[in-house]
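Please open the structure in a viewer and keep the selection panel at hand. The tour below proceeds by selections, each followed by an account of what is found there.

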Number of protein chains: 2
Amino acid sequence: MANVNDVIAALSDPTRRAVFERLVHGPRSVVDVAKGLPVSRPAVSQHLKVLKDAGLVFDTRDGARRLYQVDPAGVELAWRYFDRFWNKALTGFKEAAERAQRAPHAEDKS
Amino acid sequence: MANVNDVIAALSDPTRRAVFERLVHGPRSVVDVAKGLPVSRPAVSQHLKVLKDAGLVFDTRDGARRLYQVDPAGVELAWRYFDRFWNKALTGFKEAAERAQRAPHAEDKS
DNA sequence: AGCAATGGTAAGTATATACTTACGGTAAGT
DNA sequence: ACTTACCGTAAGTATATACTTACCATTGCT
């Protein structure tokens, strides 16, 4: 479980990505994350569940609180995808440019 | 226009990412992309519009056909986001680990 | 035991969106 | 001019989902 599909889908929602980005600098509690966000605490809990299922965060117990933090492995998954895709896209882009120069059929963007 | 938000949101749908990935190796027409996908051609057109608005693809005219191809700049945008985030997450991760070692309060994952 | 803080979850709702069919418009070939 | 291929868009629908409030369980403190 926790493939690239889930990672990208999890980060597609702006609110959920805001939740995620609030964990960059280290572990934070749910109420702490919810403070400053325009949604309720349960909403944050639900977002954290999605992020957790996607492998982007994990949680530890700290007394009555529960601390969430970023799982670098999940981020690395997405990074790898775009890294690989970026190289492949660049190759396809250059080859297409060379083909177009040898046989200029296609017209301008429109 | 065309920020990271739009890029990630555009690639969050599995079908739309399949459309996108079919353009990696160079320009292809709409009907060509639609072939082999389990959705109709208009659906592909709509997906391509979203991808275009996100800055992930652009199109050129080739007679009656319209060739779509990947815009490497859009991919680079997402790559940069995850690259930057990955480094920040790693830093926060290590700092949290060091804090936990100095003062072991938090318990196991659960 | 009583109380306050934390947070997960259920239920319900409203909006977003991915898909379909139908239609129109343009370009190339006969 | 007619036909064919290509493709964008409008309209409608069904599903997904992000959010709310309400409720309950757990933990720590006095």
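Helices and strands are here DSSP runs, with at least four residues for a helix and at least two for a strand, numbered from the N terminus. The model on display is predicted.

**Stop 1: chain A as a whole**

Select chain A and display it as a cartoon. Chain A contains five helices and two strands. Followed from the N terminus, its elements run α-α-α-α-β-β-α. Colour chain A by burial next: of its 110 residues, 34% count as buried. Among the contacts in chain A with a separation of 6 or more, 53% join residues 24 or more positions apart.

**Stop 2: Val7(A)**

Within chain A, select Val7(A), which lies in helix 1 (residues 4-10). Is Val7(A) buried or exposed? Val7(A) counts as buried because it has 24 C-beta neighbours inside 10 Å, where the threshold is 20 or more. Now extend the selection to the residues that Val7(A) touches, leaving aside those up to four places away in sequence: Ala54(A), Gly55(A), Leu56(A), Gly74(A), Leu77(A) and Ala78(A). For one of these, Leu56(A), a distance label is instructive: the C-alpha atoms of Val7(A) and Leu56(A) are 6.9 Å apart in space, with the two positions 49 residues apart in sequence numbering.

**Stop 3: helices 2 and 4 of chain A**

Select helix 2 (residues 14-21) and helix 4 of chain A. Their axes come within 10 Å and cross at roughly 80 degrees. Helix 2 of chain A is therefore roughly perpendicular to helix 4 of chain A, since angles of 65 to 115 degrees fall in that class. Show side chains at the crossing. Helix 2 of chain A contributes Thr15(A), Arg16(A), Val19(A) and Phe20(A), while helix 4 of chain A contributes Val44(A), His47(A), Leu48(A), Val50(A) and Leu51(A). Sorted by class, the residues of this contact are six nonpolar, two polar and one charged.

**Stop 4: DNA strand C**

Keep helix 4 of chain A visible and add DNA strand C. How many residues surround DNA strand C? There are 21, and the closest are Ser29(A), Val30(A), Pro42(A), Ser45(A) and Ser40(B). The elements giving two or more residues to this surface are helix 3 (30-34), helix 4 (41-53) and strand 2 (65-70) of chain A, together with helix 4 (41-53) of chain B. Helix 4 of chain A provides the largest share, five residues. The surface near DNA strand C comprises nine nonpolar, eight polar and four charged residues.

**Stop 5: DNA strand D**

Replace DNA strand C by DNA strand D. Of the 21 residues around DNA strand D, those that come nearest are Ser40(A), Ser29(B), Val30(B), Pro42(B) and Ser45(B). Two or more residues each come from helix 4 of chain A and from helix 3 (30-34), helix 4 and strand 2 of chain B. Helix 4 of chain B gives the most to the surface near DNA strand D, with five residues. By class, that surface has nine nonpolar, eight polar and four charged residues.

**Stop 6: the interface of the two chains**

Hide the DNA and select the contact between the chains. Here 39 residues of chain B are in contact with 39 residues of chain A. On the side of chain B, helix 1 (4-10), strand 1 (57-62), strand 2 (65-70) and helix 5 (72-102) each supply at least two residues. Which element of chain B gives the most to this side? Helix 5 of chain B does, with 16 residues. The classes on this side are 21 nonpolar, nine polar and nine charged residues. Of the interface residues of chain B, 100% are also interface residues in chain A, so the copies meet through the same surface.

**Stop 7: superposing the copies**

Finally, superpose the chains. A turn of 180 degrees and a shift of 0.0 Å along the axis lay chain B on chain A with an RMSD of 0.0 Å. This is the relation of a two-fold axis.

To close, select Val7(B), which lies in helix 1 of chain B. Val7(B) is buried, with 24 other C-beta atoms within 10 Å. Beyond four places in sequence, Val7(B) touches Ala54(B), Gly55(B), Leu56(B), Gly74(B), Leu77(B) and Ala78(B).

Definitions and conventions:
Residues are numbered from 1 along each chain as its sequence is written. Chains are lettered from A and ligands numbered from 1 in the order in which they are written. This is a predicted model: local features need pLDDT of at least 70, side-chain atom pairs count only at pLDDT 80 or more; totals for chains, interfaces and linings use all residues. A residue is near a molecule or strand if its C-beta atom, placed from the backbone, lies within 6 Å of it. Ala, Val, Leu, Ile, Met, Phe, Trp, Tyr, Cys and Pro count as nonpolar, Asp, Glu, Lys and Arg as charged, and the others, Gly among them, as polar. Two residues are in contact if their C-beta atoms, placed from the backbone, lie within 7 Å. A residue is buried if 20 or more other C-beta atoms lie within 10 Å of its own, exposed if 12 or fewer, and partly exposed in between; C-beta atoms are placed from the backbone. Copies are superposed by least squares on the C-alpha atoms of residues with pLDDT of at least 70 in both. Axes are lines fitted to C-alpha atoms, for helices over the stretch in contact, and angles run from 0 to 180 degrees between N-to-C directions. Angles under 35 degrees count as roughly parallel, over 145 as roughly antiparallel, 65 to 115 as roughly perpendicular and the rest as oblique.
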